[in-house]
Each structure stands twice: as C-alpha cells, then as structure tokens.
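This report describes a protein chain from a computed model, beginning with its interior and then turning to the chain as a whole. Please keep the sequence and the structure in view while reading.

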Amino acid sequence: MAEQERLEFEIQGMTCDSCAKHVEQALRESEGVEQVRIPGWESGRADVVVRRGADHQALAQAVEAAGYKARLRSRRSLEEQPGDRGAGQDFDLMVIGGGSAGFAAAIKGAELGHRVAIVEAGTIGGTCVNVGCVPSKALIRAMEHYHAAGDHRFRGVETSRGALNWGQVVAHKDELVAELRRSKYQDVLAAYPEITYIQSRARLKGGNGVEIDGQPYKPGKIIIATGARPWAPPIPGLAGSGYLDSTAALDLKELPRSMIVLGANAVGLELAQIYARAGTFVTVLELMPRIAPFEDEAISQALQEALQAEGLQVVPGFQTAQVEKREGRYRVVGAEDGAERVFEAEQLLVATGRRPNTADMRLEQGGVELGPRGEILVDETLRSTNPQIYAAGDVMGKDMFVYTAAYGGALAAENALTGAGKVYDARAIPRVTFTDPQVASAGLTEAQAREAGYEVAASTLPMSYVPRALAARDTRGLIKLVADTATDLLLGAHILAPEAGEMIQVASLALRFGLTLSQLRETLFPYLTNVEGLKLAALAFEKDLSKLSCCAG
Ligand SMILES: Cc1cc2nc3c(=O)[nH]c(=O)nc-3n(C[C@H](O)[C@H](O)[C@H](O)COP(=O)(O)OP(=O)(O)OC[C@H]3O[C@@H](n4cnc5c(N)ncnc54)[C@H](O)[C@@H]3O)c2cc1C
C-alpha cells in the first residue's frame, strides 16, 4: 500500500455507460496504473490507484486519445489515508438507517456506481416491514376474513365461523414479516456488492464525519434516514403505566377482553378495528372534535358511524387528564364537553403520532438543524442545513408513508451524489387508512380548498349509488370530490369504501396531471367496479343521478 497513490480525475465528455468503459480501458492500459474505478458516467469522475510516481499527465493524455478530457483533481499517497476512514474503507455515500428510505438511497447510490455504506442500529428493513405496514395489514386482512365469515348480509349464502385462533393469526403475521424482510431487504442487499451493511448505531462527528462503534468515518456524502418512533403526550400517570405502543400492539400474544385506544388517526383506527373484530371491546378516545381528523369532515363522520355499527365505542373531543393502572386495569380519566368521563380497560394502546429519530445523533456537530418536533429541516432537494448531508423518509417529520420514504431516499441519493438538484414533489400524494371501509384520499379537503381561496364546488356520492357496492351488498361509505368552479379542475378526492385504496390512484393521477371534471366525466370506467363511483361523483356535480341509466350513461 505504501508504494501506491490514489489519483482522482475529473472526466469531461462521458454521456453513457460505453463512454465510461472507454475511459476505464484507456486508463487501465496506461503505465503504472493498478486499479481504475469510474462510479458511473454521470459522476464525471475516475478514481485511479497507481504505483508511486506514475505520470498523471500521461494518464490524462491517454484519456484524451480516447476522445475525452481529463483533469487531475487530487493526488495522495495511500499510506497517508486519514485515520478517519473506518478500517481503511472510504465511502462515497453513507446512509444512516436501514429502512425504506435508507435502502432506496443506498440502491440508487450503488446504481450510480458509488461505494455505499448503510448503517442500521436495529432490525434490517426498519418500520414498514417489521413493525408497520406489513404486520398491520396482515392482521387487518385476517380479521376482515374472520369478520366477513360472521356477516349475514349475503342472502342465501350460509356463512359460519369457528372460534378464532389468535395465536395462529399472530404466527402467520410473523411468517409474512420474516419472509418479506428476507426477500425485500436481506436478499436485495446481497444483490448489491457495492453496498456495505454495517449493523450498528451511527452518530455525526464534526467535519462531515460519522462515528460508528468509536470508529471515525469520512464519507463523501451522508443521508440521514433514521425514521420515527411512537410518541406519547405528557399525560399525568401515562409514562408510568406501562401502556402499549403500536409495535407492542401488533405483537400481543393474547387477546385482551377490553382495550382503550388513545388517538384516532390511521394507526390507532386500524389497530382498534383489528382488536374489535377479534372480539375485544374497544373504546377509541380522540382529542380532536372528530376521528380521522385530517380527512374531509364527511369522511370522519361516516367512518365513525361505520365503526360504531360494528360495536366500537368512539369518543371524539375527549380531553384525557390522567391515566392510572390499578389491579391490572387501566383507568383513563378525562372530559368530554366539559363533563368528566372515566373509561376502564384491560389494555391501553397509545397511538398519538410519531416523532423523528434525531436525538443522540449529535446532529448539532454536523451543522444539521432541526424543527420543533425534532424533524430534520431540508430544502426542496432534501438537502439539510449542511450541504454534505441530506435526509429522507419519516425523519423529515412529514409525508410519513413508506412509498414517500423510498421516493425521497432515491431522490436524496441522486441529488447528493450527482448534484442533479431534483425537487421533492409532494403533489397529490395518495393516502390510505386501512380500516374497513377504507379511507383513501388525495389533494385538498373542502375546508382546505376554501381556505386556499378557490371557488369551491363539492359533490358527495353515497356508495349506495355505485352498482358494484349494490352487487356486493356493501354500500357503506361515500365518495366526495372537491373542484374549482373557475377552472373545472379537480382539487381533491375523498373516499370511504371497501378497498378505497384501489380507487384513489385514479384520482391521484387526475390531480397530478391536472384533469378537469369534464375530462373525468368523458373517461370510460369499467362497469361494476367501485372506481366507477369516481365518474358518478363527477357526474353528480351537474346531474340528478337517480335519472341515470346503466353505466353512468
Ligand atoms: C403501525 C404502522 C402502520 C403503517 N402502515 C403503513 C402503510 O400501510 N402504508 C404506508 O405507506 N406506510 C405505513 N406506515 C408508515 C411507514 O412504515 C413509514 O413511513 C416508513 O416505514 C418510514 O420509512 P423510513 O425509512 O423513513 O424509516 P424506518 O423504516 O423507520 O427506518 C429507519 C431506520 O433507522 C434506524 N436508525 C435510527 N437511528 C439510527 C442510528 N443513529 N444509526 C443507525 N440506524 C438508526 C432504525 O433502527 C430504523 O430501522 C405505518 C407505520 C406504522 C407504525
């Protein structure tokens, strides 16, 4: 090693993979060259290891003879590598956090030809596969089947169900989690030899460094993708009561007879319905005046009715004052409309939101500024207040979905490594709450549209107008469209329906690509599908739907 030097060249004129190969070949065939690495043609760069004293001008001439331009950027002895290279490794990109955002960032870095490290302190795959989307949706689907088997709406169809084997349901969920963790993370990692996986906790050091297990590293760029964790409000008595968070609630081995769920947003509502359908008596307490408080008001109201019809106790506008645990039972004391109310249950689940994982990372040493909830402040290209450090995923404290995390991770890596300056585009993000009926929405609610100053028109179509819902004998829910009367543009779509998540993408595309209500009305939708309801809702702006014949004609 002591006899070698590392040269970094800026290469001009490379426009494709073949160009990179030509430059690499020209360098390899030059006198004194021992190793050549071009981290993708887009990088505009070549790293060359040469025997000490090799003539860099001869190397530049070889590149020019191949039809490109080369300029020496740096030259240093390999024995003079700074000590802070982490056991001799230097990475072009270090990604902190091995969840969806981190994996997407690392893969993009590798695809661009860079040496990448991914550092994970917990379980590979992060929240979604281990304690989020996958286990929750597995339990939801199992309980949907169980619930449907006991449902007597289907005339002439005998339905019956045996006793629920909860232990088996949980075991199947664990199997799916293990399988997807292997196929979507562990195996994927094995397919990218350019990515080094480091199982440990990372912290920042000054000078754009990272410290892992006391070892200093100095990567070229850093992406922080450390996600978020469950957060509980400072309610007297709560911290000492040993309550469940979403992670623990997804892994209860025994069914409780009763459960209080504090918080009626997506995570709280999904878990509340899972347990209610499994036979637990569930009470949902929400501080805001309505459940699903960030959805359109019409959706909140109809969802509350649907959950109550299944036997859940739902109490919005409840201000919790105190939590106690006495003789193995939780007691939640608070007020509704100024009057004291007390709820008791065997289990208490707190689902009051998530906060970014940024504590104990010494971000201040890296010049990375945080917002009031500990979220990393980024610009529109996901660059933090330190130009060498980017952030993506839940750690940004917004758009907390797995698909936005993956999108942001890949974008941050590309911007960090190539300077592409691509803008994070959060327009018309579709959102789904996997209750049954599901809530799915995109764009502005009616109230948001009015607040934004649009001339708003809205149409609300009960699902009982949708032939598919009639055939399925399940007319729970509604579709609400919000539009701008000045331009006829769709501004928002809000659906409460079975499998609404399968319908919302049509509305999301319409919003993203600026479709008008007229264009929606003129588009063909297949008959006897729920998504046809979107066309009917668009027609409802100008027609009496009871006068329509078949197929929205
Ligand atoms: C119950 C539940 C259900 C959900 N359901 C859905 C759904 O249906 N659809 C959907 O789109 N989204 C869903 N989400 C949200 C989704 O899971 C998250 O938005 C997504 O997983 C965030 O990905 P991320 O990569 O930003 O963070 P994470 O996946 O949380 O990854 C961050 C990783 O960083 C690691 N880490 C933290 N600090 C350090 C450190 N200092 N050094 C090294 N590693 C560190 C953590 O261990 C973690 O593995 C759900 C979430 C929950 C909780």
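## The nonpolar core

In this predicted model, the largest nonpolar core has 35 residues, and those with the most contacts inside it are Trp166, Leu269, Ile274, Tyr275, Val282, Leu303 and Leu312. Two or more residues of this core come from each of α5 (133-149), α6 (166-190), β13 (258-262), α8 (266-278), β14 (281-285) and α9 (297-309), and α8 gives the most, with 7 residues. In soluble globular proteins, nonpolar side chains tend to be buried together.

Leu303 can serve as an example from the core. Once its neighbours within four places in sequence are set aside, Leu303 is in contact with Leu269, Ile291 and Ala292, and also with Thr435, Pro437, Val439 and Leu496.

## The chain as a whole

The protein chain has 15 helices and 26 strands, and of the contacts with a separation of 6 or more, 63% are between residues 24 or more positions apart. Some overall values for the protein chain are set out below.

| Property of the protein chain | Value |
|---|---|
| Span of the C-alpha trace along its principal axes | about 85 × 65 × 45 Å |
| Buried share of the 553 residues | 49% |
| Exposed area | about 25200 Å² |
| Share of the exposed area supplied by carbon and sulfur atoms | 49% |

As for charge, the protein chain carries 58 positive and 70 negative charges, and the mean positions of these two groups are 1 Å apart.

Terms used:
Residues are numbered from 1 along each chain as its sequence is written. This is a predicted model: local features need pLDDT of at least 70, side-chain atom pairs count only at pLDDT 80 or more; totals for chains, interfaces and linings use all residues. Side-chain values use heavy atoms; hydrogens and water are left out. A nonpolar core is a set of buried Ala, Val, Leu, Ile, Met, Phe, Trp, Tyr and Cys residues joined through side-chain atoms within 4.5 Å. Buried means under 20% relative accessible area, exposed over 50%, partly exposed in between (1.4 Å probe, protein chains only). Helices (H or I, at least four residues) and strands (E, at least two) are DSSP runs, numbered from the N terminus. Contact means heavy atoms within 4.5 Å. Accessible areas come from the Shrake-Rupley method with a 1.4 Å probe; for residues, only the protein chains shown count as cover. Lys and Arg count as positive and Asp and Glu as negative; His and the chain ends are not counted. The place of a charge is taken as NZ of Lys, CZ of Arg, CG of Asp or CD of Glu.
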